[in-house]
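Biologist: Please take a close look at one part of this model, the open sheet and what packs on it. Then set it in the context of the rest of the chain.

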Amino acid sequence: MRKIVLRQAQKGPIAIQEHKMSPERMEQLQNAHPDLGMVFTEATEVGKDKYANGVAILWHTYKHGQSSWGREYWGGRILAVGFIGNEGVTAYMSVYVPPSDIETVKEAEKAIAEIEKAIGKVEREATLYVGGDFNYQEGNKRVGTYREEIETIMAYYGLRSALRWESDTNKQIAPARKE
């Protein structure tokens, strides 16, 4: 894992999409950084000693403690952790929609439904932060309103983009207090 990611996790929780770590590498990372809380979905083996499509959330345990709960959705493409503090529940979600999972209209519609289902499982009173790679360009090729539908789901749950622009990789972070 790159040092910049580890430094960022020291400052606050970070959602990672499309990690390529083997189970052995994830264990090594956890052992090397006992000050970081880490939850991972297992990356898919795509070749000899090559992995892809995992998601993760990292945080500094001194600042946030251990998570109160962790949940995995949609076969490991969505991961969420929650923390209970004086201000209530704060949850972080990492979402990765691989282009290969939205190659047909039916698959793109399923991705939209899975994202909505996962966000809907977080209690409404929680402060929720979502970091994701939704692959909007690929999804819009299948369902012309793919991006709009995901943004509508986010808005329904009181989430809004924290970015004034999006990077070339279509990553978006959407934090907000749920009302």
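Modeller: The answer starts with the sheet and then moves outward to the cores, the rings and some single residues.

This is a predicted model, in which local features need pLDDT of at least 70 and side-chain atom pairs count only at pLDDT 80 or more, while totals for chains, interfaces and linings use all residues. Residues are numbered from 1 along each chain as its sequence is written, and side-chain values use heavy atoms, with hydrogens and water left out.

The sheet comes first. It is open, with three strands in the order β1-β5-β2, and the pairing is antiparallel. Strands here are DSSP runs of E with at least two residues, helices are runs of H or I with at least four, and both are numbered from the N terminus. Two strands pair if DSSP finds at least two bridges between them. The edges are β1 (14-19) and β2 (36-40); each has a single partner strand, so one side of each is left without a neighbour in the sheet. Neighbouring strands are turned by 20 degrees against each other on average, direction ignored. Axes are lines fitted to C-alpha atoms, for helices over the stretch in contact, and angles run from 0 to 180 degrees between N-to-C directions.

β2 and β5 (residues 54-60) run antiparallel and are joined by five bridges. Within that pairing, glycine 37 stands opposite tryptophan 59 in β5. Two helices pack on the sheet. Helix α1 (residues 3-11) touches β1, β2 and β5, and its direction makes about 50 degrees with that of β5. Helix α2 (residues 23-32) touches β1 and β2, and its direction makes about 165 degrees with that of β2. Contact means heavy atoms within 4.5 Å.

Another strand pair is β3 (residues 44-47) with β4 (residues 50-52), antiparallel over three bridges. Threonine 44 has alanine 52 in β4 as its bridge partner. The two strands form a hairpin with two residues between them, and aspartate 49 in the turn has a positive phi of about 60 degrees.

Next, the cores. A nonpolar core is a set of buried Ala, Val, Leu, Ile, Met, Phe, Trp, Tyr and Cys residues joined through side-chain atoms within 4.5 Å. Buried means under 20% relative accessible area, exposed over 50%, and partly exposed in between (1.4 Å probe, protein chains only). The largest core has 30 residues, and Met93, Val97, Ile119, Phe134 and Tyr146 have the most contacts inside it. At least two residues each come from β6 (69-73), β7 (78-85), β8 (88-96), α4 (105-120), β9 (127-133) and α6 (146-156). The largest share, six residues, comes from α4. A second, separate core of 12 residues includes Ile16, Met21, Met26 and Leu58.

Tyrosine 146 deserves its own entry. Leaving aside neighbours within four places in sequence, its contacts include Val97, Ile102, Ala108, Ile112 and Phe134.

Now the rings. Rings of Phe, Tyr and Trp (its six-membered ring) pair if their centres lie within 6.5 Å; planes under 30 degrees apart count as stacked, over 60 as edge-to-face and the rest as tilted. The count comes to six aromatic pairs. Phenylalanine 83 and tyrosine 92 make an edge-to-face pair, 6.0 Å centre to centre with 75 degrees between the planes. Both of these residues are buried. The rings of tyrosine 156 and tyrosine 157 have centres 4.9 Å apart and planes at 85 degrees, so this pair is edge-to-face. Tyrosine 156 counts as exposed at 56% relative accessibility, whereas tyrosine 157 is buried at 11%. One aromatic cluster leads back to the sheet: Trp59 belongs to it, and tryptophan 59 is the β5 residue opposite glycine 37. The other members are Phe83, Tyr92 and Tyr129.

Two single residues follow. Glutamate 107 is found in helix α4 and is partly exposed, with a relative accessible area of 31%. Not counting residues up to four places away in sequence, glutamate 107 touches Ser100, Asp101 and Ile102. Glycine 158 lies in the loop between α6 and β10 (171-177). Its relative accessible area is 29%, so glycine 158 is partly exposed. Its C-alpha atom is 9.2 Å from that of leucine 128, 30 residues away along the chain.

Finally, the whole chain. It has six helices and 10 strands. Of its 179 residues, 45% count as buried.
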